[in-house]
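Got the viewer open? Let's take a walk through this one, a stop at a time.

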Amino acid sequence: MAKLRVGVLGATGMVGQRFIALLENHPWFEVVTVAASPRSAGKTYEEAVGGRWKMTTPMPEAVKKLIVKNVNEVEAVAATVDFVFSAVDMTKDEIKAIEEAYAKTETPVVSNNSAHRWTPDVPMVVPEINPEHMKVIDFQRKRLGTTRGFVAVKPNCSIQSYAPVLTAWKEFKPYEVVATTYQAISGAGKTFADWPEMVENIIPYIGGEEEKSEKEPLRIWGEIKDGVIVPAASPVITCQCIRVPVLNGHTAAVFVKFEKKVTKEELIEKLVTFKGVPQELELPSAPKQFIRYLEEDNRPQVKLDVDYENGMGVSVGRLREDSVYDWKFVGLSHNTVRGAAGGAVLCAELLKAQGYITAK
């Protein structure tokens, strides 16, 4: 089977680099085009990135000599690919405009950006949770006037450590949630070399993050009505987001109230047996076990657990009864793999399996 030709928009940034690293030797997809800002255009990918390669694995040989295209030359980039991943670094309005421009060239866009997360007919998907939301693409295509082009997005990185857990527990009716997320610096596209003030430091503010963390799960749990996605009304979530001196891995400390009485055994059983369409279809990037439960008191730990299932799984621990809420737990997910590029790659695999992404 010929691989689908992929372009990465914003290929020189940290998430763009993560896409490049994850797509090396992908069974279905091959990166044939890299695009970035005009100042990188015309250079080889290796020259454009220079000393700013931030992955722990080496830059894949296959992309080093690719000539970087100007991301703003939409027609020229789109002509070379079957679909694109978007990790462009622009203002929200610019991102919205450029992603729709690519879609209108009949090129599907799978975006890591937040710009289109609240566009009513754009699906925002965690493939294990709401794969059926991809059906809203049919309505979006009518609006855009396209036959194969569309935009699909994955949600914010910080919710991946608790939204899947709450989904696994849906039948027990969680109705009130308090979450505090302890977020890695790679979520800001940084390493310790770029951000020395984060060493031995905590910053109790990440712009826009708390609102996303409270609202985005409700959109994921929503349903399609009249061609748009209508968010769910509950559970009510309140969140604090704190930047901590960790390179990769977002940890969440979460308190939950349930309408139904439930035991610890029942809660754990729902976590470890939880699976979705990616597991059933055995999509290439899908974790075999999406959520695992760790019995030890001192887990999950970033150093030990962040790469669980190649960074695509969620680790949960410290589930215990609470004196104010019903239950509390700690969750951990990899913010640039499951939370960013890996989550988008899994979305693209789902879209291919559902027939939304095909060869041009």
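Begin in the middle of a sheet: 3 bridges join S4 to strand S5 (residues 109-111), and the two run parallel. Helices (H or I, at least four residues) and strands (E, at least two) are DSSP runs numbered from the N terminus, and two strands pair if DSSP finds at least two bridges between them. A word on what you're looking at: it's a predicted model, where local features need pLDDT of at least 70 and side-chain atom pairs count only at pLDDT 80 or more, while totals for chains, interfaces and linings use all residues. Residues are numbered from 1 along each chain as its sequence is written, and side-chain values use heavy atoms, leaving out hydrogens and water.

Now pick Val84, whose bridge partner in S5 is Val109. Val84 is also the bridge partner of Gly7, and that takes you to strand S1 (residues 4-9), which pairs with S4 in the parallel sense over 4 bridges. Show the side chains of S4 (residues 83-86): Phe83 and Phe85 point one way, Val84 and Ser86 the other, and all are buried (under 20% relative accessible area; exposed is over 50% and partly exposed in between, with a 1.4 Å probe and protein chains only).

Next, add helix H5 (residues 92-104), which makes a right-handed β-α-β unit with S4 and S5. Right-handed means that, with the strands pointing away from you, the path from the first strand over the helix to the second runs clockwise.

Zoom out to the whole sheet. It is open, has 6 strands in the order S3-S2-S1-S4-S5-S6, and its pairing is parallel. Strand S3 (69-70) and strand S6 (151-153) stand at the edges, each with a single partner strand, so one side of each has no neighbour in the sheet. Select helix H1 (residues 14-23) too: H1 packs on this sheet, touching S1, S2 and S4, and its direction makes about 160 degrees with that of S1. Contact here means heavy atoms within 4.5 Å; axes are lines fitted to C-alpha atoms, for helices over the stretch in contact, and angles run from 0 to 180 degrees between N-to-C directions. Back in the strands, S1 and strand S2 (residues 29-36) run parallel, joined by 6 bridges, with Val8 partnered by Val34 in S2.

Time for another sheet. This open one has 6 strands in the order S10-S7-S11-S14-S13-S12, with mixed pairing. Strand S10 (236-243) and strand S12 (291-294) are at the edges with a single partner strand each, so one side of each is left without a neighbour in the sheet. Strand S7 (residues 174-183) runs parallel to S10, and 8 bridges join them; look for Thr180 opposite Gln240 in S10. Helix H8 (residues 209-220) packs on this sheet, touching S7 and S10, and its direction makes about 145 degrees with that of S10.

Which residues have the most contacts inside the largest nonpolar core? They are Tyr102, Tyr162, Trp169 and Phe329, in a core of 56 residues. Such a core is a set of buried Ala, Val, Leu, Ile, Met, Phe, Trp, Tyr and Cys residues joined through side-chain atoms within 4.5 Å. Click Trp169: among the residues it touches are Pro174, Val256, Leu267 and Phe329. A second, separate core of 46 residues includes Val63, Val337, Ala344 and Tyr356.

Finally, show everything: 12 helices and 14 strands. The C-alpha trace spans about 60 × 50 × 35 Å along its principal axes, and 58% of the 360 residues count as buried.

Definitions and conventions
Lists of a residue's contacts leave out its neighbours within four places in sequence.
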